[in-house]
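Let's take a walk through this structure together. Have the sequence and the model open, and follow along as each part comes up.

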Amino acid sequence: MPTTATTGQPTVTTLTFEEREVLYAVGCGLSDAEVAAALALPGDAVAGHLARILAGLGLRDRSAAIVHAFDCGLVVPGHGPRETAGPVPRTTAGPVRAPRMRISVLGPLRAWRGQQPLDVGHLRQQAVLAALALCPDRTVSQQELLDGVWGMEPPITKVVPVYIYRLRKALRGEVSPDPVIQRDRYGYRLAPGAVEVDVTRMEGLVTAAAAAERAGELAEAVRVCSQALDLFRGELLAGLPGPFAELERLRLTERRIALVQRKLDWQLRLGRYAEAIAELWALAVAQPLNEPVAAMLMRALYRSGRQADALSVFDRTRRALADGLGMPPGPLLKRTHQMILRGDDADLGLARTAP
């Protein structure tokens with residue numbers, strides 16, 4: 001059942017001036033009590049106005065009224081009401097510098113202003129915010145948001161502008177006049193420089209770690225890479241629906257595994273075998289078909305004087321590959337196995353532990 005009038009362009013011309021003000025306030029997400037306070041109406045008058053608005057416009061419920069307010073242009077995301085709508089009175093205050101906004105996607109989606117956590121709504125609305133946060137350098141179209149968050153089951157109403165409005169309100173709060181989410185002719189994006197996203201910080205640390213490696217400072221590379229890995233905290237985008245979140249979960253999981261392998265390789269090259277073994281064991285259990293991880297674990301065990309354990313890792317990985325993929329070990333694993341059998345330390349490519 002459609003939530004807006006089914007004939008012609010949505011219109012509010014049949015409403016009185018006071019009813020248009022009520023519809024504007026409802027479209028802005030205000031409760032009945034907030035509408036009454038903003039418009040200086042009796043507490044029980046708002047419900048009556050809203051009932052007449054729904055009946056006059058042929059709308060089903062309050063949610064349909066919110067959508068209609070956007071459809072007819074009474075509420076314009078990021079631009080306030082049209083001048084003919086009669087704006088809801090607002091209190092004015094001097095400019096206040098907003099605390100730094102942070103959004104985390106390397107785990108359950110979270111947002112903070114300074115140290116204050118923010119309520120960014122239900123999971124579907126969070127998925128819209130995650131899509132914007134994970135596309136920081138470009139505009140995301142409304143169709144992309146529909147496809148990425150709803151997939152093959154798009155909503156029957158135009159909910160994206162409503163979600164964007166609610167997210168703007170949650171992120172902006174009362175201290176900044178500028179919307180955190182901007183809109184242009186192509187869609188929506190986070191305002192440049194307005195939000196710090198943890199995945200962007202993570203990639204910056206990875207770049208710094210690579211620079212340290214090129215400079216021959218492996219200990220610094222390990223330290224910085226560990227900082228990047230510390231930004232991952234729990235299940236990625238936990239509970240968020242839609243194809244976009246699912247693909248990003250896979251991508252970020254692979255990114256994390258690659259970073260762990262990189263850090264562990266640097267630790268082995270530094271001779272920090274004891275530090276690396278525990279993490280390599282855990283990664284090998286989680287990724288039983290990952291041959292580079294198995295090879296690194298074999299090398300670390302061998303250099304720690306545990307040749308039998310190193311060979312048992314090869315046997316277990318060989319069986320896992322045969323059972324899971326029907327394939328024999330690859331060249332890297334075979335070469336590492338032969339080097340350990342021969343006791344060929346030089347060809348393992350690892351630094352010896354300092355005396």
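**Starting at the sheet**

In strand 4, Arg110 is the bridge partner of Ser104. Before going further, note that this is a predicted model, where local features need pLDDT of at least 70 and side-chain atom pairs count only at pLDDT 80 or more, while totals for chains, interfaces and linings use all residues. Residues are numbered from 1 along each chain as its sequence is written, and side-chain values use heavy atoms, with hydrogens and water left out.

Back to that strand. Helices (H or I, at least four residues) and strands (E, at least two) are DSSP runs, numbered from the N terminus. Two strands pair if DSSP finds at least two bridges between them. Strand 3 (residues 101–104) and strand 4 (residues 110–113) run antiparallel and are joined by four bridges. Another of the partnerships with strand 4 is that of Met101 with Arg113. Between these two strands the hairpin has five residues, and Gly107 there takes a positive phi near 155°.

What does strand 3 do with strand 8? The two run parallel, with three bridges joining them. Met101 turns up again here, since its bridge partner in strand 8 is Val195. As a general point, strands of a sheet pair through backbone hydrogen bonds, either parallel or antiparallel.

Put the pieces together and you get an open sheet of four strands in the order 5-4-3-8, with mixed pairing. Its edge strands are strand 5 (116–117) and strand 8 (195–197), each of which pairs on one side only.

**Stepping back**

Now zoom out to the whole protein. It has 14 helices and eight strands. Of its 355 residues, 45% count as buried, where buried means under 20% relative accessible area, exposed means over 50%, and partly exposed is in between (1.4 Å probe, protein chains only). The accessible surface comes to about 18100 Å², and carbon and sulfur atoms hold 54% of that; such areas come from the Shrake-Rupley method with a 1.4 Å probe, and for residues only the protein chains shown count as cover.

Contacts are worth a look too, a contact being heavy atoms within 4.5 Å. Among the contacts with a separation of 6 or more, 66% are between residues 24 or more positions apart.

For a spot inside the fold, try Ala69, which lies in helix 4 (residues 62–71). Is Ala69 buried or exposed? Ala69 is buried, with a relative accessible area of 0%. Gly27 is 42 residues from Ala69 in sequence, yet their C-alpha atoms are 5.4 Å apart in space.

**Charged pairs**

Side chains of opposite charge can pair when their charged atoms come close. The structure holds 13 salt bridges, a salt bridge being a side-chain nitrogen of Lys or Arg within 4 Å of a carboxyl oxygen of Asp or Glu. One of them brings together Arg138 and Glu144, at 3.1 Å from N to O. Arg138 is partly exposed, at 37% relative accessible area, and Glu144 is partly exposed as well, at 34%.

Next, find Glu213 and Arg269, which form a salt bridge with their closest N and O atoms 3.1 Å apart. Glu213 sits in helix 8 (residues 198–214) and Arg269 in helix 10 (residues 243–269), so this pair ties together parts that are 56 residues apart in sequence. Glu213 has a relative accessible area of 26%, while Arg269 has 30%.

Arg269 also meets Asp265 in a salt bridge, at 3.6 Å from N to O. Both of these residues lie in helix 10, four residues apart, or about one turn of the helix. Shared partners link the salt bridges of Glu213, Asp265, Arg269 and Arg299 into one network.

**A greasy patch to finish**

Which residues make the nonpolar surface patch of about 270 Å²? They are Leu289, Leu325 and Met327. Patches are made of residues with over 30% relative accessible area and no salt bridge, with like charges joined within 9 Å and nonpolar side chains (Val, Leu, Ile, Met, Phe, Trp, Tyr) within 5 Å. Met327 is in the loop between helix 13 (307–325) and helix 14 (331–342), and counts as partly exposed because its relative accessibility is 46%.
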